[in-house]
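Here is a short briefing on charged pairs and the nonpolar core of one protein model. Have the sequence and the 3D view ready, and look up each residue as you read.

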Amino acid sequence: MTPPATPDTSVPDASTPGTSAPDTSAPAAVDEPLLIELLTLAQRRLARDLAARLEAEGCTLDQWRVMRCLTDDTGRSMGDLAQALLIPQASLSRIVDALTEAGLAYRRQDEQDRRRITAHLSRRGLIRLERLDALAAAHDAAVRTACGTPDPGLLLRHLAEA
């Protein structure tokens with residue numbers, strides 16, 4: 001006696017009209033990461049490590065970056081800051097709000113254009129920034145030492161010019 005016929009569940013081959021063979025080739029192996037991947041990884045690790053040091057002082061990395069941008073006496077508009085730091089304006093407003101609440105920055109209405117508001121670093125903010133910059137400088141020195149060169153930025157400057 002012959003067994004009952006069972007439906008064919010095999011994968012159709014390319015010779016069957018209207019079908020194609022599945023692609024069984026493996027994706028190409030990644031031999032070496034691209035430069036953008038290496039730079040991104042390095043930036044994220046550096047930022048994470050510095051953020052941890054700043055956090056111990058009650059400051060975020062973005063707050064520190066904003067404070068560094070406000071060191072001149074002229075102040076900066078929120079639009080200028082957002083563009084210079086590549087921070088979305090809504091996020092930047094929250095950062096400046098936090099700095100203002102802590103007494104590290106203040107806002108001022110522009111005398112020529114009353115619609116324009118500029119952010120400024122307070123004296124307290126300048127004093128605080130000195131401490132934060134010292135932490136960042138120590139972090140930077142440790143990274144340079146770990147890289148085995150006093151100027152790993154030489155490679156980055158070269159890449160930026162290319």
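The points below cover the salt bridges first and then the core.

This is a predicted model. Its structure holds 9 salt bridges. Its largest nonpolar core has 27 residues. Side chains of opposite charge can pair when their charged atoms come close.

**A bridge between distant parts of the chain**
- R68 and D133 pair through their side chains in a salt bridge, at 3.0 Å from N to O.
- This pair ties together distant parts of the chain, 65 residues apart.
- R68 sits in helix α2 (residues 61-69), while D133 sits in helix α5 (residues 123-147).
- R68 has 44% relative accessibility, so it counts as partly exposed.
- D133 is also partly exposed, because its relative accessibility is 25%.

**A bridge within one helix**
- R144 and D140 form a salt bridge, and their closest N and O atoms are 2.5 Å apart.
- Both residues lie in helix α5.
- They are 4 residues apart, which is about one turn of the helix.
- R144 counts as partly exposed, with a relative accessibility of 29%.
- D140 is partly exposed as well, with a relative accessible area of 36%.

**A bridge between R48 and D49**
- The side chains of R48 and D49 meet in a salt bridge of 3.5 Å, N to O.
- R48 counts as exposed, because its relative accessibility is 52% and the cut-off for exposed is over 50%.
- D49 has 36% relative accessibility, so it counts as partly exposed.

**A salt-bridge network**
- D80, D110 and R116 are linked in a network of salt bridges.

**The nonpolar core**
- Which residues have the most contacts inside the largest nonpolar core? They are W64, V66, M67, L81, L92, L99 and L132.
- Six elements each supply at least two residues of this core: α1 (35-55), α2, α3 (78-85), α4 (89-101), β3 (117-121) and α5.
- The largest share comes from α2, with 5 residues.

**A closer look at V66**
- V66 is one of the residues with the most contacts inside the core.
- Set aside its neighbours within four places in sequence, and V66 is in contact with L81, L85, I87, L92, I95, V96 and L99.
- Among these partners, L81, L92 and L99 are also listed with the most contacts inside the core.

Conventions:
Residues numbered from 1 in each chain as written. Predicted model: local features only at pLDDT ≥ 70, side-chain atom pairs only at ≥ 80, totals over all residues. Heavy atoms only, no water. Salt bridge = Lys/Arg side-chain N within 4 Å of Asp/Glu carboxyl O. Buried < 20%, exposed > 50% of the residue type's maximum accessible area, 1.4 Å probe, protein only. Core = buried A, V, L, I, M, F, W, Y, C linked by side-chain atoms within 4.5 Å. Contact = heavy atoms within 4.5 Å.
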